[in-house]
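Thank you all for making the time this morning. I would like to walk through a few local features with you, so please have the sequence and the structure open as we go.

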Amino acid sequence: MKCEWVEEHLSAYHDRVLDPATTDQVEHHLLGCGNCRAWLADYERLDNVLATMPREQPRPELRARIFASPEFHEILHARAAVPPPVKPLVPAVPHPVHRAPSSIHVTRALVGVAILMIALASASFVLRSLAAQPAVCPNPAAGDHLLTRAADGSLLLDGQRLTCAPHAVPTAPFALSPNGQWVAFVNQAGDVVAMHANGRAALTIRPHTASAQFTHIAALSWSPGSDQLMTLTSSGADASAFQVEISSLASTGSRILDSFTTDALLAAPRWSPDGVFLAYALTTANGATIRAVRVNQNGSLPVQFPIIGTLGDLAWLPGTADTLTYATESPATGTSITIAQMSSRVVVEPIYQSPAALTVTMTDYNALTGAWALTLSDGTIASVATPTGIVNPLAQLDASTQLFWSPDGTTLAALSQGSLWLISSNGAHPVATNVTGDPVWNPSGTALAVVSAGTVRVIQVTGGMVALPITVGSSAHIAWSADGQHLAVLGQDHTFIATAAGVLSATNDPGVGAPLWMVEP
Amino acid sequence: MEQRDGGHDRRGNRRMAMVELESTWSFERIYDEFKTPIFNYIYHLVGDREQADDLTQDTFLKAFKALPKMDASLKLSAWLYRIATNTAYDALRRRKLIVWLPWQDLDHEPADLESPDPQETIGTTELVRQALRRMPATYRAALLLYTQEGFSYAEIAQTLNIAESGVKMYLSRARQAFREHYRALEAGTSQPVKKPSRS
């Protein structure tokens, strides 16, 4: 992908208004391109410069000039002569109007607006401006709560504006802790904030950076235990100096775990299942390299080993403390899947090699079962088990088929030329056509939501589909609550909360970015 | 950035909601609430403080004249900025400066920009003003509305009377232009810094 293409989309990416597919493309490019990261860092810096410009006051005499002017007196005379043109849209309701003796009131239009607002609110729509009423720190009940960003960038919990914490307006990226109780983001001051579901910040970290001038928080990631937060920062004039920092909810401040310089970060840090290691991939003078560092051992040197070819994806094997699996591709050998165990030395073992003359075009890895799903260039869909490398052919679609494992690893959703297939031990079955955007699995893997023909549909693995009365255009942000009971959909004009059976509520602020479901224990 | 100038949040919505929900707002209160942001917006559009005072006066008088005739769907904040934008554009046209192309402040040619450390000489605020002045006015308006007034894309579209898809393009072009001019001024040159060669 060319930098020019990314540059065209960088401003919209910065504002989080790109569709999910384009967002993914831009993010993928940013991981490997220091120039574009520097460009993005510039946008963040300059937006901040503009936003924090001191405001000047107009001259005090301007007020008198306006209200003593002949034009203003003409306006008053005209108002007295002209009957009010505003017709309330609903029958008028008694509405107390307190008039200050010296004020000239703009009552007609504004009372009309107030009545309209009341009418809309009673129609169970939560108007955006109502969400702007003076907010308090919420005290959410136990259960799932929806966190969204209003179009103005501020955070809303269940539609209520969070104004109680001093963390101001967040910017990307957002990271939800595995237990759903914490969300981490970068605020406009460049601090990393960890916020609880009650809207209170528990952690505010100013990341260490090599250069104060250009700083970009490239990634945030919670440990599997939801108690530590990894911050990956890039800085320097070309944004090529990276630092991996760890912060703990149990203490203040952060510590630098690793620092490195690279032209291209190939994979952002991923936690091992037990939270002992972080692994990532980067290019060095000697080529592509995987690097893993122990989180809780101060001063321990990172483990580092080279990889051959281009990295496709990097993940940890389930149930192990120190074993990685990764897919690579090279012109000489095609696509390989490898496992690497890091003990006193690194033991690398290739477990899968693509058939001669074929390459792997798409992959998806399931962290629960450790199974890779692959699309081959002849359209074969197959799974590869780790660590055994046993190959299981699943279906025959086409080479561009995208794959999405259910969280429990029992069903594979395959998106092939706009048609969605479900592949399981029962075979492969088409379940929807005209699909735009990625399918989103519920946490238990029993159903998925997808945008099909501009409408959100919930498809059950066991059969059956419900088309929700939600029209969203070509794409939408969709998120399931942790208990799988609720679905949040951010469409073009509204935010919807639905169940698999129908829509519960709609808010006329579509918000920006992806919604998150937080959990109050 | 959450609160400034008497309750104006980053995107301006809190103020807008208060105005629309409150039935006792007077012309004076609208003026008091919006005078500072509207004045600053106009000031950055036209680049002249004296003229910004005059145009702020024009903006409020036009608004007060039209307000009683507006219907219930009025979004006061976006509507005020629309009047301010049009008022400023009219003034720029009267100056015989081409609005749709970059323009220079002829009265304040940046003679001091060649000094070794321009930031020390003129400060960040002046750098911002000069960089803004070198941008096309339409892009300038979009960038100001987004970053300083906290408008959403939809509100910018409403204010500038363009499609929402156009806002995306305006802001992209605006950020590119502002970045180039600001960096050039930071570096002490009056020409935009050339883009590095990219893959």
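Where is the place of A:Q417 in chain A? Before I answer, let me say that this is a predicted model, and everything I describe should be heard with that in mind. The place of A:Q417 is in the loop between β26 and β27 of chain A. The phi angle of A:Q417 is near 50°, which is a positive value in a residue other than glycine. As for its surroundings, A:Q417 has a relative accessibility of 68%, and because exposed means over 50%, A:Q417 counts as exposed.

Let me now turn to the strands on either side of that loop. Strand β26 of chain A, residues 412-416, and strand β27 of chain A, residues 419-424, pair in the antiparallel sense over 5 bridges. If you would like one position to look at, take A:A414, whose bridge partner in β27(A) is A:W421.

These two strands belong to an open sheet of 4 strands in chain A, which runs in the order β25-β26-β27-β28 with antiparallel pairing. The edges of this sheet are β25 (402-405) and β28 (427-432) of chain A, each of which pairs on one side only. From one strand to the next, the twist averages 25°.

Staying with chain A, I would also point out the peptide bond from A:T386 to A:P387, which is cis, with omega near 0°. The place of A:P387 is in the loop between β23 (380-384) and β24 (391-396) of chain A.

Let us move to chain B, where a loop residue again deserves a look. B:N161 is found in the loop between α7 (153-160) and α8 (164-186) of chain B, and the phi of B:N161 is near 60°, a positive value in a residue other than glycine. With a relative accessibility of 55%, B:N161 counts as exposed.

And is B:T85, in the same chain, buried or exposed? B:T85 lies in helix α4 of chain B, which spans residues 76-94. The relative accessibility of B:T85 is 1%, and since buried means under 20%, B:T85 counts as buried. Leaving aside residues up to four places away in sequence, B:T85 touches B:Y41, B:L45, B:T159 and B:L160.

That brings me to the end, and I am happy to return to any of these places on the screen.

Conventions:
Residues are numbered from 1 along each chain as its sequence is written. Chains are lettered from A and ligands numbered from 1 in the order in which they are written. This is a predicted model: local features need pLDDT of at least 70, side-chain atom pairs count only at pLDDT 80 or more; totals for chains, interfaces and linings use all residues. Side-chain values use heavy atoms; hydrogens and water are left out. Two strands pair if DSSP finds at least two bridges between them. Axes are lines fitted to C-alpha atoms, for helices over the stretch in contact, and angles run from 0 to 180 degrees between N-to-C directions. Buried means under 20% relative accessible area, exposed over 50%, partly exposed in between (1.4 Å probe, protein chains only). Contact means heavy atoms within 4.5 Å.
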